[in-house]
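Visitor: Could you take me closely through one helix of this model, covering both what it shows to the outside and what it keeps covered?

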Amino acid sequence: MHYLRSALKIALPFALGGAILWWMYRGFEWGTLRTALSSGMRWEWMWLSFPFGIMAQVLRGLRWRQLLAPMGERARRSTCVHAVFASYASSLVVPRVGEVLRCGVLRRYDGVGMTRSIGTVVTERVVDMAMIMLFSLGVFLWQVPAFVLFARQTGIGTHMLAGRFTTAGWVVTIVSIALIIATTLVLLRRLQLLTRTKAILSDLRQGLLSVTHVQRPLLFMAYSAGIWACYFLHFYLTFFCFDSTAQLGISVAAIAFVVGTFAVLVPTPNGAGPWHFAVKTVCMLFGVASDDGAIFALIVHTLQTLLVAALGIEAAVALTFTSKRGTAQPPSPSPTDTQP
């Protein structure tokens, strides 16, 4: 039963993502994809976007180290960054497994308490959710006039926008939302099981509250803002790779970014399927042809996923040559030791 459950954890996300991708690209003319890759794409913009994708993960590692410091955990910068690289790459195989894996990397190489680091990861997720909610609210308030103008100029109302969804499209949307809710409930259930003993609860509580004790809180806020700014630029710059999306502007990119960010909460490898569907839909709502939107989503997601995988390989190689500090708890650090 244990092996069956483990196999399902891997197989079901792939099956779900694959089913959505099959539905989206059934009957797709693949020759247009080859043409786009060979001559219809400005590769310099894609290469320019990659450093921002890398920097987002680097900043995440540095911010994580800052959260660990108030608990006396002296994790190395390089270990934190490589643990983040490895976590994102591993989640390509089993969604959400990376959060536990990166805590295991710190325990193995820097002797950081597992439950404490899990608590800081939960704190990170809360901060990230607050950031994306603020960003989403800002985009919504910013784009209300744009939506009104778009509707007036095109004669498309809310009922017509809804009408552009096929029945299958509505099914995908509803199933994706249901899966996001189900995943959240499962994670909450696991957190309750994790906190059954007082010792574990104490360590987890320290991790959760570590954000209230970070030194240089402005730096922590800068890291958090920088992470999401890099994520956005990593996505936005890819719009200039294609003629069909180059003229959409930063406002449409912001909308697609927000919608895509929520889509990746669906438990598929790197959001494959739901992300494609969400981004293609936004592009279509702003005048991009269906095939062009599908090509944009497929190429961008594939290349960004390959970047994540490459960073994971780099982390695996680097960690092989990283010395281990052991699992003993380190002494309380001096103020200079805790500087990020």
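Guide: A residue is called buried when its relative accessible area is under 20%, exposed when it is over 50%, and partly exposed in between, using a 1.4 Å probe and counting protein chains only as cover. By that definition L141 is exposed, because its relative accessible area is 55%. The model is predicted, so local features need pLDDT of at least 70 and side-chain atom pairs count only at pLDDT 80 or more, while totals for chains, interfaces and linings use all residues. Residues are numbered from 1 along each chain as its sequence is written, and side-chain values use heavy atoms, with hydrogens and water left out.

L141 belongs to helix α6, which covers residues 114-154; helices here are DSSP runs of H or I with at least four residues, numbered from the N terminus. Together with L137, F140 and V144, L141 makes a nonpolar surface patch of about 380 Å², where a patch gathers residues with over 30% relative accessible area and no salt bridge (a side-chain nitrogen of Lys or Arg within 4 Å of a carboxyl oxygen of Asp or Glu), its nonpolar side chains (Val, Leu, Ile, Met, Phe, Trp, Tyr) being joined within 5 Å and like charges within 9 Å. The areas themselves come from the Shrake-Rupley method with a 1.4 Å probe.

T120 is also found in helix α6, but T120 is buried, because its relative accessible area is 0%. The side chain of T120 is joined to that of W64 by a polar contact of 2.8 Å, that is, a pair of N or O atoms within 3.5 Å, of which, within protein, one must be able to donate a hydrogen and the other to accept it, residues adjacent in sequence counting only if both atoms are side-chain atoms. T120 and W64 are 56 residues apart along the chain, and their C-alpha atoms are separated by 7.2 Å.

Methods. Helices (H or I, at least four residues) and strands (E, at least two) are DSSP runs, numbered from the N terminus.
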